[in-house]
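Me: Please take one position in this model and look at it closely. Then widen the view step by step. Where does it sit, and what surrounds it?

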Amino acid sequence: MNHPKIFALLVVISVVAFIYSCIVRFRLVSVGKPSDRISRFGERVWSMLLYAFGQKRVVSRPFGLNHFAIFWSFLVLALANAEFVVSGVTGKAVSFMLLPHPVYAALYLLFDVISVVTIVAILIAMGRRFFCPPKFIDALSRDAFIILTMILGLMIAFFGTHGAEMAARIAEGKNAFHYMPVSSAVAGLFAGMAPHAIQHAAVGFWWLHAVILLSFLNYLPYSKHMHILTAIPNCFLRSLTQVNTLPREAFTKDATYGVGDIKGFTWKDLFDSYSCTECGRCQDVCPAANTGKPLNPKQVIHDLKLNVLANGPALLEGGKPGVPLIGTGEHGSISEDAIWSCTSCGACMEACPVFIEQMPKLLMLRRHLVETEGKFPEELITFFENSEQRSNPWGIAPAERTKWYANLDVKPFDEHTEYLFFVGCAGAFDARSKQVTVALAHIFDAAGISWGVLGRDEKCCGDSLRRLGNEYVFDRMVRENIDTFKTRGVKKIVTQCPHCFSTLKNDYKQFGIELEVIHHTELLQQLIAAGKLPISAAAQGRLVFHDSCYLARHNDITEAPRAVLAATGAEPLEMPRHGRESFCCGAGGGRMWMEENLGTRINTTRVTEALAENPDTICVSCPYCLTMMEDGLKDVDAFDRVHVKDVAEIVAEHLREAVKK
Amino acid sequence: MLIVTCIKQVPDTTQVKIDPVTNTLVREGVPFIMNPYDTHALEESLRLKDRYGFRVVAISMGPPNADVTLRKALAVGVDEVVLLSDRAFGGADTLATSKVLAEAIARLAKEDELAFVICGQQTIDGDTAQVGPGIATRMKLAQITLVDRVDSVDLTAKRAVLRRKLEGRHELVESRMPAMLTVVREINRPRYPTVPMRLAAADAPVPIWNNEVLGLDVQTIGLKGSPTKVNKIFSPQREMGEIIGDGTHDPDGTAKLLIDRMLEKDLLAL
Ligand SMILES: Cc1cc2nc3c(=O)[nH]c(=O)nc-3n(C[C@H](O)[C@H](O)[C@@H](O)COP(=O)(O)OP(=O)(O)OC[C@H]3O[C@@H](n4cnc5c(N)ncnc54)[C@H](O)[C@@H]3O)c2cc1C
Ligand code: SF4
Ligand code: SF4
């Protein structure tokens, strides 16, 4: 006997308990600030279909297919379990049996087969965790095994119930259900048992199924498998802008600046923490986590969740948070060392299967440290002062911005000029990057485009300031630059640096200016395609191309530099991590201006990866990468045999003699 | 107890050019900054405030636009600021400057017991390093220059132990209070203003004391009270160097050549 009344009571209790847990947990998210995650509805639905139901990102990695199998089995079996509950409560009065025979036969065939698929997938998942655990997941976590065991238990109970029921039918002389081949096979195991024993077994397995199912439901909200509830919506709610440009700040007196406690985050940021599957992919790709720094994006999200759970209830009541958000890095707090280790490379966000936005959270915490507490690694004070007083990171006199063209014929930008060449601070002040700037100047002239510079009126684009959390000075810098652009009539900008490029293109929009910004590799690609650049292609030694995070990942520009290199006759080699999966050089996010005292160096890690391709040249498209790669080569004693060159320099070398100056 | 910290607004000298024709300073378009040494004087005042609870007042003698610099002091946490500004103060040398500053400090000291006057070691435009000592002498304060560490302050005994940074050595001194300290840049790392403090400082009032308030004899202040006159400012002519060797084709040989040359001129010690 299945005791429909007792079962119904249990179902009601479980469902009420589940709903209660969900309300308690999800209500906490409402302490966050508003954030629009509904507009562009169609794109969101598509994103959900592709990434949640299609598991596009999940399957891109080993064992992703396994998850795909579990995910889809889960959806299908959700139907089976719904029937299980309904038929259990109604004493089998309502079940799929009411459907026309072919339909329910097909359904049961599906359930039968899918359950086997699930068992296989679960065993693979367990085996992986035991025998080849990847370093980026907590392979033997209790949570994972509880859930895997529960799912396995459900499947066993499923076959137990159906097998026993089938055996009972056979014992009664009826036919087995041919549409449940696996259960029929299981029925064989009961052969020879006394009929009442078979009955007992069927009831026993049925109750096992019932108990596991209801426990599972109530375990979910308290485990990492909460993502079963949140991952699908999270793919719908994701940020649709390519770059996670941080929000602007209103510098009014009663405002808060940056995020110092969870109330400062948006509700979506908090919801993110509930959606983490602890898959560890972000950790696996993070340059900080990979070089022994105290930053692990997965842990950051996990700590955020702990913090929400610890502080949310008090904050909802209008109280104060008890657990600090920025603290020791344990028990629901994030350490300052972790916060400052981020290079803003965005690899974590690119890897996350459920579109959690780790990087902007870290940068918002920086804002709080800088703007509200005045606390940051001490070497940054010079950077901040220099940026504020002299509009460049080095604190060099602005008049020296013109030095690189002291012996060249470079025109100031005026209203008749087409392109503003935004040289950037590195391009104007860094000895090595100035060579790239000069190469670009020659190329622009060779292509006959109309271009000019702002000279001493150019100010830093503010990229590092913003990523380092100094929004106040960034804000001022942007408004000053925009004033200059407007008075000088700037519409089109070509930049040497991907950071200037991304900032002018994406961040400046928030300040009400739409500029047509293009990175030099894109412009070179266009000029070559239009036949405006007289290039003579020639074979070059082994050349490996390193993608800049701010071009490839943040702006999806991976083709242009490769096309340009191909036009010069180079056949760029690819490192294992390339294109949008490129590995950071270590200088982004303002790390360029900071000491790298913790762990090993990011640039040597990357240079070592490049050297594995045995190159003569490492080709870059960014002044930071240039510096980091050269320094890395020096660190590993390879500077005298391998060159680092910007794409522009390689193009300049291949301009036909006739047009060379 | 009171600390008065003296701050001068100076042109950002790295951006000042000398007019090649007139050989005078071209100050147009050059931004003003807080004298870098004074940022350390300010920071030390604030650290002493944090340690012992002093009240800190920042003062500056300068044109009306020097309020910008005083606001920066407010933004890092001084309690009050006073701008000493009057046409009659203009054109002052170190004697006249220290006279005005001393008078202002004396006024402040009437309301609150003076513990320290803290100045920068020197400025980056005048570079005399005389104003601090000038104040001390006029006010008969103990005078401890080139301080790089404040070890302890005994508020009841009114004595302070300080370390001075001298060429190749340190000197530990015990001083009576009130004392005038000038500080070197190594003494501390200045703090960074937070946004709330910046915003508060942006519309805080900056009281101006002119000579009606100070009531000094106009013959003893400003240009009239300055025995020193700066006749001419010019940059020394530098000889053009020469290009030696061929760095592109023979970098090693060129480096050797360069080292030899420098040894010859006694610019390198072996
Ligand atoms: C290029 C140049 C050369 C000069 N040469 C001489 C000279 O040789 N002899 C001379 O008598 N005058 C000279 N002056 C004028 C002199 O700079 C100023 O008159 C005097 O006000 C400050 O002297 P200082 O800048 O050398 O300050 P310093 O004595 O170097 O300053 C020491 C400290 O005193 C405090 N302080 C100085 N000035 C002020 C102020 N206005 N308000 C608040 N605190 C202050 C600061 O804490 C500062 O760190 C010169 C000025 C210039 C621009
Ligand atoms: S942005 Fe890059 S450095 Fe920062 S947490 Fe993500 S992966 Fe790590
Ligand atoms: S944040 Fe995303 S990538 Fe990182 S562990 Fe969680 S789900 Fe995986």
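Reply:
**From one residue outwards**

A:Ala168 sits in helix 5 of chain A, which covers residues 142-171. The model is predicted. A:Ala168 has a relative accessible area of 12%. The cut-off for buried is under 20%, so A:Ala168 counts as buried. Set aside residues up to four places away in sequence, and A:Ala168 touches A:Ile198 and A:Gln199.

Now a distant reference point. A:Ala560 is 392 residues from A:Ala168 in sequence. In space, their C-alpha atoms are 69 Å apart.

That distance can be set beside the overall frame of the chain. Along the principal axes, the C-alpha atoms of chain A fill a box of roughly 100 × 60 × 45 Å. Chain A has 661 residues, and 57% of them are buried. Its secondary structure comes to 27 helices and nine strands. Take the contacts in chain A between residues at least 6 apart in sequence: 79% of these join residues at least 24 apart.

Next, the nonpolar interior. The largest nonpolar core holds 138 residues. Within this core, A:Trp404, A:Trp451, A:Phe485 and A:Leu533 touch the most other members. Helix 18 of chain A, residues 431-447, gives the most to the core, with eight residues. A:Trp404 shows how such a member is surrounded. Beyond its neighbours within four places in sequence, its contacts include A:Val410, A:Phe421, A:Val423, A:Gly427 and A:Ala428. A:Lys434, A:Thr437, A:Val438 and A:Ala441 are also among the contacts of A:Trp404. So are A:Trp451 and A:Val453. A:Trp451 therefore appears twice here: in contact with A:Trp404, and among the core members that touch the most others. Another core lies apart from this one. That second core has 49 residues, among them A:Ile147, A:Leu152, A:Ala201 and A:Ala210.

A polar site makes a useful contrast. A:Ser548 lies in the loop between strand 7 (543-545) and helix 23 (549-555) of chain A. Its relative accessibility is 2%. That is under 20%, so A:Ser548 is buried too. Its side chain reaches the backbone nitrogen of A:Tyr550 at 3.2 Å. Leaving aside neighbours within four places in sequence, A:Ser548 contacts A:Pro498, A:Arg553, A:Ser621, A:Cys622 and A:Cys625.

Last, the partner chain. The contact takes 24 residues from chain A and 16 residues from chain B. The two chains bury about 1,700 Å² between them. Carbon and sulfur atoms give 56% of that area. B:Tyr192, B:Val195 and B:Leu199 supply 38% of what chain B buries against chain A, more than any other three residues.

The charged and polar side of this interface is as follows. Four salt bridges are found across it. One salt bridge joins the side chains of B:Asp203 and A:Lys253, at 2.4 Å from N to O. Seven residue pairs are in polar contact between chain B and chain A, counting pairs with both residues at pLDDT 80 or more. On the side of chain B that touches chain A, helix 5 of chain B (residues 195-202) gives the most, with five residues. By class, that side has seven nonpolar, six charged and three polar residues.

How values were computed
Residues are numbered from 1 along each chain as its sequence is written. Chains are lettered from A and ligands numbered from 1 in the order in which they are written. This is a predicted model: local features need pLDDT of at least 70, side-chain atom pairs count only at pLDDT 80 or more; totals for chains, interfaces and linings use all residues. Side-chain values use heavy atoms; hydrogens and water are left out. A nonpolar core is a set of buried Ala, Val, Leu, Ile, Met, Phe, Trp, Tyr and Cys residues joined through side-chain atoms within 4.5 Å. Buried means under 20% relative accessible area, exposed over 50%, partly exposed in between (1.4 Å probe, protein chains only). Helices (H or I, at least four residues) and strands (E, at least two) are DSSP runs, numbered from the N terminus. Contact means heavy atoms within 4.5 Å. Buried area is the accessible area (1.4 Å probe) that two parts lose on being put together, summed over both. A polar contact is a pair of N or O atoms within 3.5 Å; within protein, one must be able to donate a hydrogen and the other to accept it, and residues adjacent in sequence count only if both atoms are side-chain atoms. Ala, Val, Leu, Ile, Met, Phe, Trp, Tyr, Cys and Pro count as nonpolar, Asp, Glu, Lys and Arg as charged, and the others, Gly among them, as polar.
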